[in-house]
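Let's take a walk through a protein chain together, one stop at a time. Have the sequence and the 3D view ready, and look up each residue as we reach it.

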Amino acid sequence: MGGILDLDQLKTFVAICESGSFTKAADVVHKTQSAVSMQIRRLEERIGKALFARDGRQSRLTPDGERLLAYARRMVKLNDETLAAFAEAELTGRVRLGTPDDYADRFLPEIPARFARSHPRAEVTVICAPTTDLVTMMREDELDVAIITHVRALGPAEVVRREPLLWVTSQRHATHEADPLPLALGRPICTWRRAALEALETVGRRHRLVLVSWNATAYGAAVLAGLAVSVVPESALRPGMRVLTEADGFPRLAPIEIGLLRSWHHTSPVMDALAGHIVQSLDNLSPAAMMAAE
């Protein structure tokens, strides 16, 4: 199979996978739904493989579609970075980014790397702190952009990602069967800690705190060592962790919202560019396994 793939078709394909449906993708790429369907048919003809399979009223990616998605994302990403590098090569300046420690391991390798490739003359300073501290720092103009756990009591934020909050234990230990249940959680003002403790109280499960820390590495290590059970967002799952469900006696927790804050005091091209990279990066973390072809 020779020739060149159509980048516009690949963008539409990625939009379907990331938005969850042909209808939503049509809005994203500013095309009619019939035009989106036509592009996918042409892409399937070009690839020589079916990308979607019907499952009742829904469509899901075929194995070939899943293979193409990884390549398509890379091609679209490289295209965008190339255009940005030439269109905004002179973008300079310093931008201060804040994020909780819980998100740093998962998000920071991707976001600064993509930003640096597109804007090599810009400088990003990263500060890790709890969400409550980050909101205060934003108010005091000590940060330009912040990734936070969206808590409505702390004020509005641009919600850029939603994901489950999960109970986790070690795959190699039966810590979750201990009575009382040993827990590793954040400090008292942590919303995840409050959610976990309230859920355990609701089902009458005895528990005790064996480790309290803001540091995700600390309570992640406690879980992996079999010392405690904890709660983490889906994006923070680590190899060796086992997710506990209602079948294990652990009540379902409400999903979390990850929010983005931009400076209320000033704006700049470099700040806007970093915020855009964050929105795109966090959105791309969620693979779409099932799409409704409405």
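Our starting point is arginine 238. Leaving aside neighbours within four places in sequence, arginine 238 is in contact with Ala216, Thr217, Gly220, Ala221 and Leu224. Please keep in mind that what you are looking at is a predicted model. Where along the chain is the place of arginine 238? You will find arginine 238 in the loop between β10 and β11, the latter covering residues 241-244. One of its contacts, glycine 220, is 18 residues away in sequence, and the C-alpha atoms of the two residues are 8.1 Å apart in space. With a relative accessible area of 32%, arginine 238 is partly exposed, because that value falls between the 20% limit for buried and the 50% limit for exposed.

Now move to another loop, the one between α9 (216-224) and β10 (230-233), where glycine 226 is found. Which residues does glycine 226 contact, leaving aside its neighbours within four places in sequence? They are Ser170, His173 and Thr175. Take histidine 173: it is 53 residues away from glycine 226 along the chain, yet the C-alpha atoms of the two are separated by 5.5 Å.

Let's step back and view the whole chain. Its secondary structure comes to 10 helices and 13 strands. The C-alpha trace spans about 65 × 50 × 30 Å along its principal axes. Of the 294 residues in the chain, 44% are buried. Contacts that link distant parts of the sequence also show up here: among contacts between residues at least 6 apart in sequence, 75% join residues at least 24 apart.

Next, go to the beginning of the chain and find the helices there. Helix α1 (residues 7-19) packs against helix α3 (residues 33-47) at an angle of about 115 degrees, and their axes are 9 Å apart. The two helices, α1 and α3, are therefore roughly perpendicular to each other. In passing α3, α1 makes a left-handed crossing. On the α1 side of this contact are Asp8, Gln9, Leu10, Thr12, Phe13 and Ile16, and they meet Val36, Gln39, Ile40, Arg42 and Leu43 in α3. Sorted by type, the residues of this contact between α1 and α3 are six nonpolar, three polar and two charged.

Helix α3 has another partner, helix α2 (residues 22-29). The axes of α2 and α3 come within 9 Å and cross at roughly 100 degrees. Here too the word is roughly perpendicular, and α2 and α3 are therefore described that way. From α2, Phe22, Thr23, Ala26 and Val29 meet Gln33, Val36, Ser37 and Ile40 in α3. The residues in this contact of α2 with α3 divide into five nonpolar, three polar and no charged.

Between α2 and α3 there is a loop, and histidine 30 lies in it. Its phi is near 60 degrees, a positive value in a residue other than glycine. Is histidine 30 buried or exposed? At 72% relative accessibility, histidine 30 counts as exposed. Aspartate 141 also has a phi near 60 degrees, again a positive value in a residue other than glycine. Look for aspartate 141 in the loop between α7 (131-139) and β5 (145-149). At 29% relative accessibility, aspartate 141 counts as partly exposed.

The backbone has one more stop for us. Aspartate 179 and proline 180 are joined by a cis peptide bond, with omega at about 0 degrees. Proline 180 lies in the loop between β7 (165-170) and β8 (181-185).

Two residues in helices come next. Histidine 277 is found in helix α10 (residues 269-283), and with a relative accessible area of 9% it is buried. Not counting residues up to four places away in sequence, histidine 277 touches Arg114, Phe115, Ser118 and His119. Arginine 67, in helix α4 (residues 63-87), counts as exposed at 56% relative accessibility.

Finally, how many disulfides does the structure hold? It holds zero. Cysteine 190 shows you why: its sulfur is 15 Å from the closest cysteine sulfur, in cysteine 128, and that is too far for a bond. Cysteine 190 is buried, with a relative accessible area of 10%. Cysteine 17 is buried too, with a relative accessible area of 0%.

Technical notes. Residues numbered from 1 in each chain as written. Predicted model: local features only at pLDDT ≥ 70, side-chain atom pairs only at ≥ 80, totals over all residues. Heavy atoms only, no water. Disulfide = S-S within 2.5 Å. Buried < 20%, exposed > 50% of the residue type's maximum accessible area, 1.4 Å probe, protein only. Axes fitted to C-alpha atoms, helices over the stretch in contact; angles between N-to-C directions. Helix = DSSP H or I, 4+ residues; strand = E, 2+ residues; numbered from the N terminus. Parallel < 35°, antiparallel > 145°, perpendicular 65-115°, else oblique. Left-handed = near helix turned anticlockwise from the far one by under 90°. Contact = heavy atoms within 4.5 Å. Nonpolar A, V, L, I, M, F, W, Y, C, P; charged D, E, K, R; others polar.
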